[in-house]
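Please open the structure in a viewer and keep the sequence panel at hand. The tour below proceeds by selections, each followed by a description of what is found there.

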Amino acid sequence: MSLFITSLNSGSNGNCYYIGNEEEAVLVDAGISCRETERRMHRIGLSMQKVKAIFVSHEHTDHIRGIPVLSKKYRLPVYITDGTLSYSGMQLQQVLPFRAFEPVTIGQLNITAFPKHHDASDPHSFIIRCNHTDTRIGVFTDIGLPCEQLVHHFRLCHAAFLETNYDETMLEQGRYPYFLKNRIRGGKGHLSNTQALELFKAHRPPHMSHLLLSHLSKDNNSPDLVHSLFTQHANGTQIVVASRYEATQVFHINTLPGNNPHPQSQLRLF
């Protein structure tokens, strides 16, 4: 049993990532509307009936906007920390807490959170693992800087959503006020192209089949620029830029059994 992944939207206008197998799936964040989530999933052949839960990385609006309606309509439990829930202001019917480093099992999916550097109350990144094959998908966005935990988990991933929020020169020369520029690059904001590329070059596992470059700034980055930057160092990993306007393709991350912990990854389009 392998994993299917897609970015339904990625950017300051909304973030939502789908990870699942043939039987069940989870959403990490739901920052676009319920209607738009449904529309995009239908367009790429995914069913909300397979989604069993929503995991919340932090309380910023672009990560939670669609959660109350989506959760209520489909009776989805929302996994969220007490701190994040308190600051989010959301009124939810099914709330389940999670703790860092304590796995949550949903069918054959195993979801583990770990803390990250971001200017939110209790922010977390996630690793989603397929129990049968040990296939691992990382969701690493809204990260002020790469920490030891990020490096550790990145090295284990067969595919990952990795933030490449801004180009340093574009940010410095752009129209943002000084305080906002410092917030973005100040260690608890977002990851730059250069920081993400250094992580990729130094710690890319040989079995990583896909890297989805995520949460690009509309004003301070360029999809063509960052795609070109990473493609030069891809070494067999397919580089995909996650759009702020539409869903990506659905990618099938298939791990050959018996080769863990670092199996060869194969790719098929769903």
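Begin by selecting H118. With a relative accessibility of 4%, H118 counts as buried, because the cut-off for that class is under 20%. The model on display is a predicted one, and the stops that follow should be read with that in mind.

**The surroundings of H118**

Keep H118 selected and trace the chain on either side: the residue sits in the loop that joins β8 and β9. Next, display the side chain of H118 together with the backbone of G189. A polar atom of the H118 side chain and the backbone oxygen of G189 are 2.7 Å apart. Now expand the selection to the contacts of H118, leaving aside neighbours within four places in sequence. The residues in contact are H58, H60, P123, D142, I143, R183, K188, G189 and H190.

**From the loop into the strands**

Select residues 109-115, which form strand β8. Is this strand mostly covered or mostly uncovered? Strand β8 is mostly covered, with 6 of its 7 residues buried.

Add residues 124-130, strand β9, to the selection. The pairing of β8 with β9 is antiparallel and extends over 7 bridges. Within this pairing, L109 is placed opposite C130 of β9.

Turn then to the other partner of this strand, β7, at residues 104-106. Strands β7 and β8 run antiparallel and are joined by 3 bridges. Here I106 is the residue opposite L109 in β8. The hairpin formed by β7 and β8 has 2 residues between the strands, and G107 there adopts a positive phi near 60 degrees.

**The whole sheet**

Select strands β7 to β13 together. They form an open sheet of 7 strands in the order β7-β8-β9-β10-β11-β12-β13, and the pairing is mixed. At the edges are β7 (104-106) and β13 (238-241), each of which pairs on one side only. On average, and with direction ignored, neighbouring strands of this sheet are turned by 20 degrees against each other.

For a parallel pair, select residues 159-163 (β11) and 210-214 (β12). In which sense do β11 and β12 pair? Their pairing is parallel and comprises 5 bridges. F161 provides a convenient point of orientation, as it stands opposite L212 in β12.

Add residues 223-231, helix α9, to this view. Helix α9 lies across β12 and β13, and its direction makes an angle of about 165 degrees with β13.

**Salt bridges**

The structure as a whole contains 8 salt bridges. Select R39 and E36, whose side chains form one of them, with an N to O distance of 2.3 Å. Both residues belong to helix α1 (residues 34-43), where they are 3 residues apart, about one turn of the helix. R39 is partly exposed, at 35% relative accessibility. Extend the selection to R40: E36, R39 and R40 are linked in a network of salt bridges.

Select E38 and K73 next. Their side chains meet in a salt bridge of 2.7 Å, N to O. E38 is in helix α1 and K73 in helix α3 (residues 67-74), so this pair ties together parts that lie 35 residues apart in sequence. K73 has a relative accessible area of 51% and is therefore exposed.

Move on to D134 and R136, where the side chains form a salt bridge of 3.0 Å, N to O. Which of the classes buried, partly exposed or exposed applies to D134? D134 is buried, with a relative accessible area of 13%, whereas R136 is partly exposed, at 22%.

**A distant pair**

Select E23, in the loop between β2 (16-20) and β3 (25-28). E23 is exposed, with a relative accessible area of 51%. Place a distance label between its C-alpha and that of T237: the separation is 27 Å in space and 214 residues in sequence.

**Confidence**

Finally, colour the model by pLDDT. The average for the protein is 94, and 94% of the residues score at least 70. Select residues 257-270, where the pLDDT is below 50. Beyond near neighbours in sequence, the stretch 257-270 has 37 contacts in the model.

Terms used
Residues numbered from 1 in each chain as written. Predicted model: local features only at pLDDT ≥ 70, side-chain atom pairs only at ≥ 80, totals over all residues. Heavy atoms only, no water. Pairing = 2+ DSSP bridges. Helix = DSSP H or I, 4+ residues; strand = E, 2+ residues; numbered from the N terminus. Axes fitted to C-alpha atoms, helices over the stretch in contact; angles between N-to-C directions. Contact = heavy atoms within 4.5 Å. Buried < 20%, exposed > 50% of the residue type's maximum accessible area, 1.4 Å probe, protein only. Polar contact = N/O pair within 3.5 Å; in protein donor to acceptor, adjacent residues only side chain to side chain. pLDDT = per-residue confidence, 0-100. Salt bridge = Lys/Arg side-chain N within 4 Å of Asp/Glu carboxyl O.
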